[in-house]
Amino acid sequence: QVQLVESGGGLVQPGGSLRLSCSASGSMFSIYQMGWFRQAPGKQRDLVASISKSGTTTYESSVKGRFTISRDNVKNTVYLQMNSLKPEDTAVYYCYQWGTAFWGQGTQVTVSS
């Protein structure tokens, strides 16, 4: 059983930054593609960014140039650096591991003045 634990969410003003972390249990972290999804109230859960086991990244168009996904296979952790945050980035952010299909519990990000 894999456990994914997110942290780093919070309240930030527009234009601000946050860094989300997702720590994974288990010894096979390095072989899995990892990703961040987000879900705003009343909306579906959408992919924000992903990173392959080799480090190849993809981004949803609205976050390109503002968000950066990275991973540390020694620490079994995936990160999402979010800069230039906008109110429309407000959502619960979830970590996901392909292959095992496990989700984290989510962390709230609120962008508001």
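**Close-ups of a predicted model**

In β3, C22 is the residue that bridges to E6. This and everything below comes from a predicted model.

**View 1. β1 runs alongside β3.** Strand β1 covers residues 4-7, and its pairing with β3 is antiparallel, over four bridges. Look for E6 opposite C22 of β3, then for L4, whose bridge partner in β3 is A24.

**View 2. β3 also pairs with β8.** Here the pairing is again antiparallel, this time over six bridges. One spot to pick out is S21, which stands opposite Y79 in β8. As for β3 itself, five of its seven residues are buried, so the strand is mostly covered.

**View 3. Four strands make an open sheet.** Reading across, the order is β1-β3-β8-β7, with antiparallel pairing. The edges belong to β1 and β7, each of which pairs on one side only. From one strand to the next, the twist averages 15°. As a reminder, strands of a sheet pair through backbone hydrogen bonds, either parallel or antiparallel.

**View 4. The largest nonpolar core holds 25 residues.** The members that touch the most others are W36, F67, V78, L80, M82 and Y93. Two or more residues come from each of β3 (18-24), β4 (34-39), β5 (46-51), β7 (67-72), β8 (77-82), β9 (91-97) and β11 (107-111). The top contributor is β3, with four residues. In soluble globular proteins, nonpolar side chains do tend to be buried together.

**View 5. Zooming in on M82.** M82 is among the core members that touch the most others. What is M82 in contact with, once its neighbours within four places in sequence are left aside? The list is G16, S17, L18, L20, R66, F67, Y93 and V109. Two of these names, F67 and Y93, also appear with M82 among the core residues that touch the most other members.

**View 6. S84 sits in the loop between β8 and β9.** Its backbone is worth a look: S84 is not a glycine, yet has a positive phi of about 50°. Most residues other than glycine have a negative phi. Is S84 buried or partly exposed? With 41% relative accessibility, S84 counts as partly exposed.

**View 7. A101 lies in the loop between β9 and β10 (102-103).** This is another residue other than glycine with a positive phi, and for A101 the value is near 60°. The relative accessible area of A101 is 45%, so A101 is partly exposed.

Key: Residues are numbered from 1 along each chain as its sequence is written. This is a predicted model: local features need pLDDT of at least 70, side-chain atom pairs count only at pLDDT 80 or more; totals for chains, interfaces and linings use all residues. Side-chain values use heavy atoms; hydrogens and water are left out. A nonpolar core is a set of buried Ala, Val, Leu, Ile, Met, Phe, Trp, Tyr and Cys residues joined through side-chain atoms within 4.5 Å. Buried means under 20% relative accessible area, exposed over 50%, partly exposed in between (1.4 Å probe, protein chains only). Contact means heavy atoms within 4.5 Å. Two strands pair if DSSP finds at least two bridges between them. Axes are lines fitted to C-alpha atoms, for helices over the stretch in contact, and angles run from 0 to 180 degrees between N-to-C directions.
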